[in-house]
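Good morning, everyone. Please have the viewer open; I'll keep this brisk.

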Amino acid sequence: MAKTATVYECQQCGYQTPKWLGKCSDCGAWNSLVEARAETLTRGKSGENFYSLTSKLAPLDEIGTDAPPRVLTRLTELDRLLGGGMVPGSVILLGGDPGIGKSTLVLQILSRLCEQGGKVAYLSGEESADQIKLRAERLGVKAKQLYVMTENDLSRALPQIEELKPQMLVVDSIQTVYQPDLGSAPGSVTQVRECAGKLLYLAKSRGLTVLLVGHVTKEGSLAGPKILEHMVDTVLYFEGDRGQPYRILRTFKNRFGSVSELAVYEMRSQGLVEVTNPSELFLSDNPELSPGSVVVSSLQGTRPILAELQALVTPSSLGMPRRVTVGVDSQRVALLGAVLEKIVGIQLGGQDIFLNVVGGLDVDEPAVDLGVLMAMVSSFQGKALARRTLVMGEVGLSGEIRPVAGEAIRLQEASRLGFQRAILPKKGSQEKLPKGLELERVANVGAALDLL
Ligand code: TYD
Ligand code: MG
């Protein structure tokens, strides 16, 4: 007989304990334990196991790879992000803050698939059919084979979906659907995990792509357990400032492609539009660079994005000068400050340092070291770099400039955007570099600063 004892389950990590605790002893979250029925937590009630699909042991050699080809959404940026289209039978998780445009994006994806003759389904637990219809009209969706269902109860929705046999199913959102037999509230760890398990099984057994929309908590992680991220094949995050029209879609995990890929979208009145040339967005418009501004290149997955870095270094009136960085790692800024002091003899100890990346991009990689360093010195000494100069290079603790990965593609992007000059490490790559760029190769920090 099934046990009906009570257990307490952490809503953050899924940890279970027979006794209530104020603090989860696994992940350390406070006040996150919620009562759940133990019976519902033991899996495989009717001999059904969500997670294993092949039950026969077979040599790897004999397993055929007759996998169906990828489905292109014809949204070029999204296809690239997914590693070349969607894999049938995969499960994608799309996370993001409320109001960022998740529902808009999925509706546009479904509409695109329909235009190519596919049959798709949209299961919404958040909005009424009227609201979805209104949004679809606004987006100009003309899709004959787009089926919409507004239902929270998964046990009622799934039979209909199985009967429809769509190419793709979107569940908006995973936190609002539930299975009534589990007894806990929608959005709880148990519900989220079991519902996702059911949908995962549906995807793998029927070969349809399932996209789960997930909410993000205040802390920025996906609401519900981390377990969800482990279960799915691909995790995408949709982020951006609500005050700005630009949105960034990022891969966080991808079993079928590279991670840390990035696509930029602009929210317009008719929906999301792909920005195919994001570097232009992150460079400021003024023709002359002012002291403190340097253009760096950040490699996001396979795509190099140029961004403008701005530094402001001013004498501090505080005993402990301020170090404020946005989009750059503050630890690296401290390290570069120390290199400047010890190797070059530029004292920034009594200065407030502010660093910012234009457009809200994160450029957290060693290749921007030299850019950060030059921006700080440029602001401190009031000397500007000529515009259209790209700076890259990793700075070592003894002041040497080390080579960076992907030099050629970064230079290609710069050349495409009309840059004429680049400052880069002495030891360069052996790849073919684009013509028309004046390359200033520097071996150490001192040589780089002479170019200011
Ligand atoms: P939505 O997709 O509902 O966000 P989410 O599902 O992530 O909560 O989008 C919400 C915002 O997008 C809303 O504030 C209005 C705006 N929006 C536009 O600017 N243009 C449009 O065409 C659409 C559909 C929405
Ligand atoms: Mg929504």
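I'll go through the domains, then the sheets, then the ligand, and end with some backbone details.

First, a reminder. What you see is a predicted model. Keep that in mind for every number I quote.

Start with the domains. The chain splits into domain 1, residues 6-37, domain 2, residues 72-276, and domain 3, residues 293-449. How far apart are the C-alpha centres of domain 1 and domain 3? The answer is 46 Å.

Now the sheets. Take the one with 9 strands. This sheet is open, and its pairing is mixed. Reading across, the order is 6-5-7-8-4-9-10-11-12. Which strands sit at the edges? Strand 6, residues 146-150, and strand 12, residues 271-275, each pair on one side only. On average, neighbouring strands here are turned by 25° against each other, with direction ignored.

Look inside that order, at strands 4 and 9. Strand 4 covers residues 91-96, and strand 9 covers 234-239. The two run parallel and are joined by 5 bridges. If you want one pair to click on, take Gly95, whose bridge partner in strand 9 is Tyr237.

A general point before the next sheet. Strands of a sheet pair through backbone hydrogen bonds, and they can do so parallel or antiparallel. We have just had a parallel pair, strands 4 and 9. An antiparallel one is coming.

The other sheet has 7 strands. It too is open, with mixed pairing, and the order is 15-16-14-13-17-20-21. Its edge strands are strand 15, residues 323-326, and strand 21, residues 438-442; each of them pairs on one side only. The average turn between neighbouring strands of this sheet is 25°, again ignoring direction.

Here is the antiparallel pair. Strand 14, residues 303-315, is joined to strand 16, residues 351-357, by 7 bridges. One of those pairings to look at: Val313 has Ile353 as its bridge partner in strand 16.

On to ligand 1. How many residues surround it? There are 16, and Gly99, Ser103, Thr104, Arg135 and Arg268 come nearest. By class, that shell holds 4 nonpolar, 7 polar and 5 charged residues.

Where does the shell come from? Helix 2 (102-115), helix 3 (129-138) and strand 11 (262-268) each give at least two residues. The largest share is from helix 2, with 3 residues.

Now the polar distances. Ser103 uses its side chain: an N or O atom there is 2.6 Å from an oxygen atom of ligand 1. Gly99 uses its backbone, where a polar atom is 2.7 Å from a ligand 1 oxygen. Ser269 also offers a polar backbone atom, 3.0 Å from an oxygen of ligand 1. As for cover, ligand 1 taken alone exposes 560 Å², and the protein buries 74% of that.

Last, two backbone details. Which two residues does the cis peptide bond join? They are Asp172 and Ser173, and omega is about 0°. Ser173 lies in the loop between strand 7 (168-172) and helix 5 (189-206).

The second is Asn31. Its phi is near 55°, a positive value in a residue other than glycine. Asn31 belongs to the loop between strand 2 (16-17) and strand 3 (33-37).

That's my tour. Over to you for questions.

Notes: Residues are numbered from 1 along each chain as its sequence is written. Chains are lettered from A and ligands numbered from 1 in the order in which they are written. This is a predicted model: local features need pLDDT of at least 70, side-chain atom pairs count only at pLDDT 80 or more; totals for chains, interfaces and linings use all residues. Side-chain values use heavy atoms; hydrogens and water are left out. Two strands pair if DSSP finds at least two bridges between them. Helices (H or I, at least four residues) and strands (E, at least two) are DSSP runs, numbered from the N terminus. Axes are lines fitted to C-alpha atoms, for helices over the stretch in contact, and angles run from 0 to 180 degrees between N-to-C directions. A residue is near a molecule or strand if one of its heavy atoms lies within 4 Å of it. A polar contact is a pair of N or O atoms within 3.5 Å; within protein, one must be able to donate a hydrogen and the other to accept it, and residues adjacent in sequence count only if both atoms are side-chain atoms. Accessible areas come from the Shrake-Rupley method with a 1.4 Å probe; for residues, only the protein chains shown count as cover. Ala, Val, Leu, Ile, Met, Phe, Trp, Tyr, Cys and Pro count as nonpolar, Asp, Glu, Lys and Arg as charged, and the others, Gly among them, as polar. Domain bounds come from an automatic or database domain assignment.
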